[in-house]
Amino acid sequence: MYPFTLERPASVADAAKLTTAGGKPLAGGQTLLASMKLRLSAPEQLVDLGGIAELAGIRKDGDTLVIGAMARHLAVANDAAVKSAYPALADLASRIGDRQVRAMGTLGGSVANNDPAACYPAAVLASGATIVTDKREIAADDFFQGLFTTALDEGELITAIRFPVPKSAHYEKLRQKASHFPLVGVFIAQYDAGVRVAITGAGNGVFRHTGLEDALNQSFTPEAAAAVKIDASDLNSDLHASAPYRANLISVLTQRAVRAALG
């Protein structure tokens with residue numbers, strides 16, 4: 001790594017001062033530290049958020065789960081409130097990466113990084129969640145803006161994410177065996193207002209699939225999902241899978257997710 005200084009603020013306010021002045025926030029470090037080791041990233045100052053207790057809490061507030069940005073994947077997976085109210089979210093967290101990643105990675109770090117194949121952004125978008133920062137609240141539909149790009153301003157910190165609890169939900173993914181990232185992941189969530197379907201791993205960022213949503217709003221069945229033609233023209237094609245293969249995966253995984261959500 002190139003030389004850097006490390007700050008460990010004890011409050012969100014202190015952290016915000018440091019990041020506003022140019023410090024790079026450090027959450028779980030699963031992407032940032034790896035890029036620093038390869039000298040692909042060279043921040044002069046890291047602002048470690050790990051010591052800010054108020055960022056790590058998890059609680060149920062009515063029909064909403066409020067999860068702190070620094071909640072580790074392992075904590076989300078094992079939290080009694082999450083497992084009871086939103087088991088699909090707990091299940092997603094339990095299958096991210098490997099045991100070391102789950103012990104260190106954080107909800108806020110994953111969402112702020114917005115890797116195009118990350119699991120959490122699919123849950124956030126499918127849930128219609130609200131991203132709470134030190135400055136404002138951002139709807140999930142407005143937050144994700146493409147490859148590693150979000151609506152966050154420079155220095156803005158995610159403090160928590162609010163997940164409305166759905167009537168039913170499920171996450172299906174086909175894991176790329178070398179990286180443990182999903183080759184394609186599909187998160188479906190059914191609410192009184194309708195079904196939301198979010199896709200990760202298939203494009204240049206997480207996205208909703210309105211065709212699948214429309215079909216499942218008409219009939220929440222695997223057959224309805226199977227009848228939707230998935231356009232491959234805007235999907236990724238790489239050494240792991242072609243765009244048509246990913247399109248087929250979206251269909252198959254959605255059918256599996258609906259079947260599982262129905263119990």
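The paragraphs below walk through a four-stranded sheet, a buried arginine within it and some unusual backbone angles. The structure is a predicted model, in which local features need pLDDT of at least 70 and side-chain atom pairs count only at pLDDT 80 or more, while totals for chains, interfaces and linings use all residues. Residues are numbered from 1 along each chain as its sequence is written, and side-chain values use heavy atoms, with hydrogens and water left out.

The sheet is open and has the strand order β9-β10-β11-β12, with antiparallel pairing. Strands β9 and β12 (207-208) occupy the edges with a single partner strand each, so one side of each has no neighbour in the sheet. Helix α10 (residues 210-218) packs on this sheet and touches β11 and β12, its direction making about 150 degrees with that of β11. Helix α12 (residues 243-261) also packs on the sheet, touching β9, β10, β11 and β12, and its direction makes about 40 degrees with that of β10. Here, helices (H or I, at least four residues) and strands (E, at least two) are DSSP runs numbered from the N terminus, and two strands pair if DSSP finds at least two bridges between them. Axes are lines fitted to C-alpha atoms, for helices over the stretch in contact, and angles run from 0 to 180 degrees between N-to-C directions.

Strand β10 (residues 182-191) is a good place to look more closely. Ten of its ten residues are buried (under 20% relative accessible area; exposed is over 50% and partly exposed in between, with a 1.4 Å probe and protein chains only), so β10 is largely enclosed by the rest of the structure. Eight bridges join β10 to the antiparallel strand β9 (residues 168-175), and His170 stands opposite Ile188 of β10. The hairpin of β9 and β10 has six residues between the strands, and His180 takes a positive phi near 70 degrees there. Towards strand β11 (residues 194-200), β10 makes seven bridges, again antiparallel; Gly185 has Thr200 of β11 as its bridge partner. Two residues lie between β10 and β11 in their hairpin.

Strand β11 also holds Arg196, which counts as buried at 14% relative accessibility. Its side chain makes a polar contact (a pair of N or O atoms within 3.5 Å; within protein, one must be able to donate a hydrogen and the other to accept it, and residues adjacent in sequence count only if both atoms are side-chain atoms) with the side chain of Asp141, at 2.9 Å. A polar atom of the Arg196 side chain also lies 3.3 Å from the backbone oxygen of Ala126. Beyond four places in sequence, the residues in contact with Arg196 (heavy atoms within 4.5 Å) include Phe187, Ile188, Arg208 and Glu213.

Two loop residues complete the picture. Most residues other than glycine have a negative phi. Arg39, in the loop between α2 (32-37) and β3 (45-48), has a positive phi of about 60 degrees and is partly exposed, with a relative accessible area of 46%. Phe148, in the loop between α9 (140-143) and β8 (158-164), has a positive phi near 55 degrees; Phe148 is partly exposed, at 42% relative accessible area.
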